[in-house]
Amino acid sequence: MNKNLRPKLKVCGLTQLNQIHELISLKTDFLGFIFYEKSPRYVLNHLSLEDISQISHPGKTGVFVNETIDKVTDIAEKAGLNMIQLHGDENEDFMIGLKQNLKPEIKIIKAVRIGNNDQETKEKIEKTISSHVSLVDYFLFDTDSKAFGGTGKQFDWTLLNEFEIPLPYFLSGGISEENIEGISLLNKKPFVIDINSKFELESGIKDLGKIRKFISKPF
C-alpha cells in the first residue's frame with residue numbers, strides 16, 4: 001500500500017493522561033474517549049471533563065451510545081471535543097437536532113455495527129448509509145455486539161466491498177497486527193484505522209510498546 005495513502009490512526013478507549021500524552025508525541029491522529037457509562041473504558045471514571053479539555057490535540061473524539069442531545073452537547077463543550085462518534089441506535093431526527101446544537105466545526109461520525117454476513121445485515125448497512133449520508137461527516141464500521149464495541153472481534157471486512165461508501169470511513173472491530181493486512185482486500189480503503197482492545201494490557205490501559213510497533217508497521 002502506498003505510504004502516502006496509509007490510513008490515519010485512532011486509539012480509542014483512553015483513560016490515562018500519561019498514555020494520552022505519549023500517544024500525542026507519537027503523532028496519533030485521533031484520541032477516543034468513551035462516554036458510555038456501561039463501558040469498562042468509561043473515561044469519566046478516570047478523567048474529568050476539564051482534564052480532557054486541557055489536552056491539546058485536534059482529534060479529540062467523544063464516543064456516545066444512545067445519549068441525549070443535551071448531554072452530548074454539554075460534554076462536547078466542556079471537554080473541548082473535536083468529533084462526536086455516535087455508536088448506538090441514533091436516528092436521523094437525532095442527527096438533525098444534534099447538528100443544530102453543536103458548534104459547526106465539530107464533526108460527526110456515525111457507527112454502523114456489522115454482525116453476520118447475511119441479507120439482513122446488508123440491508124441494515126445500506127439503510128444506515130443512505131439515511132445518514134447527508135447528516136454526518138464520516139462512517140465507522142465496527143463489529144456488532146451488545147456491549148456496543150470494544151469486543152476485540154473482527155467482522156468480515158470484505159462485506160464493505162458490496163457497498164458504495166460515499167464518505168470517508170473509520171474501520172474498527174478487533175484490529176490487530178495479525179489482521180491489518182486484510183485492508184488490502186478492500187476496494188475503498190479506510191480513512192482511519194481505529195484500534196482499541198487488541199492493544200491493551202487491561203481495559204483502558206494501553207500497551208504503548210505494541211502501538212509503537214503497529215505505527216511503524218507498513219500496511
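Start by selecting Lys27, which sits in the loop between α1 (17–25) and β2. Helices here are DSSP runs of H or I of at least four residues and strands are E runs of at least two, numbered from the N terminus. Lys27 is exposed, with a relative accessible area of 68%. The cut-offs: buried means under 20% relative accessible area, exposed over 50%, and partly exposed in between, with a 1.4 Å probe and protein chains only. Check the backbone too: Lys27 is not a glycine, yet its phi is positive, at about 65 degrees. For context, most residues other than glycine have a negative phi.

A word on what you have open: it is a predicted model, where local features need pLDDT of at least 70 and side-chain atom pairs count only at pLDDT 80 or more, while totals for chains, interfaces and linings use all residues. Residues are numbered from 1 along each chain as its sequence is written, and side-chain values use heavy atoms, with hydrogens and water left out.

Next, select β3, residues 60–64. Buried or exposed, what are the residues of this strand? 5 of the 5 are buried, so β3 is largely enclosed by the rest of the structure. Colour the two faces separately: Lys60, Gly62 and Phe64 are on one side, Thr61 and Val63 on the other, and both sides are covered. That fits the general pattern: in a regular strand the side chains alternate between the two faces of the sheet.

Now add the neighbours. β2 (residues 30–34) pairs with β3 in the parallel sense over 4 bridges; two strands count as paired if DSSP finds at least two bridges between them. Zoom in on Val63: Ile34 stands opposite Val63, and in β4 the bridge partner of Val63 is Gln85. β4 (residues 83–86) runs parallel to β3 and is joined to it by 4 bridges.

Walk out of β3 towards α3 and stop at Asn66, in the loop between the two. Asn66 is another residue other than glycine with a positive phi, near 50 degrees. This residue is partly exposed, with a relative accessible area of 40%.

Carry on into α3 (residues 69–79), which makes a right-handed β-α-β unit with β3 and β4. Right-handed means that, with the strands pointing away from you, the path from the first strand over the helix to the second runs clockwise. Select Val72, Thr73, Ile75, Ala76 and Ala79, the buried residues of α3. Looking down the axis, they fall within an arc of 165 degrees, so they line one face of the helix; the arc is that of the directions from the helix axis to the C-beta atoms. Flip to the other side of α3 for Asp70 and Glu77, which are exposed.

Another helix to try is α6 (residues 208–216), where Leu208, Ile211 and Phe214 are buried. They cover an arc of only 115 degrees around the axis, which puts them on the same side of α6. The face turned away from that buried side carries the exposed residues Lys213 and Ser216.

Last stop: select Glu162, in the loop between β6 (138–143) and β7 (169–171). Glu162 is partly exposed, with a relative accessible area of 47%. Draw a C-alpha to C-alpha distance from Glu162 to Ile195: you should get 24 Å, for a separation of 33 residues in sequence.
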